[in-house]
Amino acid sequence: MSFGLAMPLGLLALLGLVVPLLVHLARREQQQPTMFAALRWLHARQRPRQRLRIEHWLLLALRLALVAGLALLLAAPWFTDDQAGPPRVLVHPSLPVPEAPEGAELRWLAPGFPHIDSAVPEAPVPVSSLLREADAGLPPGKALVVHVPAILDGVDGERPRLSRPVQWLVAEASTPDPAPDRQDEPPPAMAVRHGPDHAHQAKWLAAAQRAWLATTDPAPPPGETLMAAGASWPDDTRVLAWLADGAVPANVLDFARDGGTLLIADTTHWPVDAAGQVAWRGEEGSVRLRAAGFQAGRILQFAQPLEPAAFPELLDPRFPRWLLQQLQPPPAAPARVDARRHVPRDDGPAFTPPSPPLAPWLVLVLAALFVVERWLAAGLPTRRPA
């Protein structure tokens with residue numbers, strides 16, 4: 001059985017133990033001066049020193065116990081069972097049920113850790129997060145056994161860090177299934193539509209798209225990229241730049257709602273309830289783009305007008321590539337690894353597993369002590385200052 005405190009700073013309340021001590025030391029016996037004639041002719045002598053004397057030890061002990069109990073309550077105590085018992089065995093859903101040690105508890109390595117007798121889970125398995133969750137829910141001394149296939153999906157970029165060593169059993173595989181090769185996608189087809197006051201800004205976006213198209217082989221046929229706000233756009237448009245003041249028209253919002261990427265000017269009204277997240281910062285730290293999801297698509301807004309004085313990145317030869325990275329983020333690397341090289345580490349932080357709460361019992365005990373203390377205090381005679 002282990003005992004610990006979730007909030008050890010709560011023990012600072014033990015400093016309050018000084019208060020009952022001071023209260024009891026400050027009490028004085030009731031004294032009434034009495035005139036006695038025979039003492040009038042005696043010479044005055046120095047009064048003897050008063051010794052510290054504590055009365056009512058039981059009452060003092062109760063009050064000290066109340067203060068100590070309150071401090072313990074603030075420290076949030078917990079306890080857990082350290083008995084190891086049989087190991088917990090987790091099996092990846094892609095594997096058959098293995099043989100396990102006698103008494104071991106077999107569960108699927110899946111959300112909720114269903115029992116091995118239940119149906120095989122079909123949902124994707126986030127291996128790394130499930131391992132951390134299983135480690136946090138087990139007592140410190142319990143062993144953990146994990147059966148995994150030779151190739152693992154749904155893992156983090158680094159080996160999981162757990163609080164205990166794991167018996168990592170990798171199933172044999174005749175030929176590993178390598179991760180599929182990803183080819184770079186072609187630059188997106190962008191249409192720029194602008195109002196009268198944004199024609200000079202729209203030229204920067206059209207020039208950026210020409211730089212994208214120059215890197216493709218073979219180059220796609222040129223199209224009408226730069227047009228006024230009232231013009232339509234081709235059906236294959238994946239990015240629509242809308243540079244105009246005021247609200248975004250309904251048909252433009254429908255383009256983003258259906259899965260397109262909408263790029264709006266800094267003077268266009270932001271059409272999303274959420275404030276959006278910073279998508280691009282300049283080299284000096286200023287925000288250049290903010291972005292937010294919009295149903296099946298995305299909406300991005302420039303934070304400054306597309307003018308070199310306010311947007312110095314426009315003069316940088318890398319501006320087309322920077323803008324393309326925001327409109328078409330590179331695909332994430334596949335989270336697929338060789339299981340033999342992904343054995344969890346045992347140097348992770350130790351977790352406190354959930355334990356029966358002690359607070360209700362402490363509250364009951366403190367309430368009983370308070371009732372007894374009040375009963376004893378009520379029986380004391382009323383004292384007046386001498």
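## The main nonpolar core

The largest nonpolar core has 24 residues, and L205, L263, F302, L323 and L327 touch the most other members. Several elements give two or more residues to this core: β8 (190–194), α4 (199–214), β10 (239–243), β13 (287–294), β14 (297–302) and α6. Helix α6 supplies the largest share, five residues. These positions come from a predicted model.

L263 shows how the packing is built. Leaving aside neighbours within four places in sequence, L263 is in contact with L205, L240, A241, W242, L289, L300, F302 and L327. A second core, separate from this one, holds 18 residues, including L90, L130, L138 and V166.

## Helix α6

Helix α6 spans residues 319–327 and is mostly covered. Of its nine residues, seven are buried. They are F319, P320, W322, L323, L324, Q326 and L327. Two of these names, L323 and L327, also appear among the core residues that touch the most other members.

## Aromatic pairs and charges over rings

Six aromatic pairs turn up in a search of the whole structure. One of them joins F311 and F319. The geometry of this pair is edge-to-face, with 6.1 Å centre to centre and 85° between the planes. Both partners are covered. F311 has 0% relative accessibility, so it counts as buried. F319 has 2% and therefore counts as buried too.

Ring pairs extend further, linking W280, F302, F311, F319 and W322 into a cluster. F302 is thus a member of this cluster, and F302 is also listed for the largest nonpolar core. Two arginines lie over aromatic rings. R288 lies over the face of F311, 5.1 Å from the ring centre. R290 places its charged end over the ring of W270, 4.0 Å from the centre.

## Helix α2 and its partners

Helix α2 covers residues 57–74, 18 residues in all. From first C-alpha to last, α2 reaches 26 Å, close to the 26 Å expected at 1.5 Å a residue. Its buried residues are L59, L60, L62, L66, V67, G69 and A71. These pack against α1 (18–25) and α7 (359–378). After α2 comes A76, with a positive phi near 55°.

Which residues does E373 touch, not counting those up to four places away in sequence? The answer is L59, L62, R63 and L66. E373 itself sits in helix α7. L59, L62 and L66 are among the buried residues of α2. E373 is an acidic side chain under cover: its relative accessibility is 3%, so E373 counts as buried.

## Loops and positive phi angles

Is F113 buried or exposed? Its relative accessible area is 10%, under the 20% cut-off, so F113 is buried. F113 lies in the loop between β4 (105–108) and α3 (127–136). Its phi is near 50°, a positive value in a residue other than glycine.

Q295 also has a positive phi without being glycine, near 55°. Its loop runs between β13 and β14. Here the relative accessible area is 64%, over the 50% cut-off, so Q295 is exposed.

R341 occupies the loop between β15 (336–338) and α7. With 69% relative accessibility, R341 counts as exposed. R341 and A150 are 191 residues apart along the chain, yet their C-alpha atoms are separated by 9.8 Å.

## The chain as a whole

The chain has seven helices and 15 strands. Of its 386 residues, 34% are buried. Among contacts with a separation of 6 or more, 67% are between residues 24 or more positions apart. The accessible surface comes to about 24,200 Å², and carbon and sulfur atoms account for 59% of that surface.

Conventions:
Residues are numbered from 1 along each chain as its sequence is written. This is a predicted model: local features need pLDDT of at least 70, side-chain atom pairs count only at pLDDT 80 or more; totals for chains, interfaces and linings use all residues. Side-chain values use heavy atoms; hydrogens and water are left out. Helices (H or I, at least four residues) and strands (E, at least two) are DSSP runs, numbered from the N terminus. Buried means under 20% relative accessible area, exposed over 50%, partly exposed in between (1.4 Å probe, protein chains only). Contact means heavy atoms within 4.5 Å. Accessible areas come from the Shrake-Rupley method with a 1.4 Å probe; for residues, only the protein chains shown count as cover. Rings of Phe, Tyr and Trp (its six-membered ring) pair if their centres lie within 6.5 Å; planes under 30 degrees apart count as stacked, over 60 as edge-to-face and the rest as tilted. A charge sits over a ring if NZ of Lys or CZ of Arg is within 6 Å of the ring centre and within 35 degrees of the ring normal. The expected span of a helix is 1.5 Å times one less than its number of residues. A nonpolar core is a set of buried Ala, Val, Leu, Ile, Met, Phe, Trp, Tyr and Cys residues joined through side-chain atoms within 4.5 Å.
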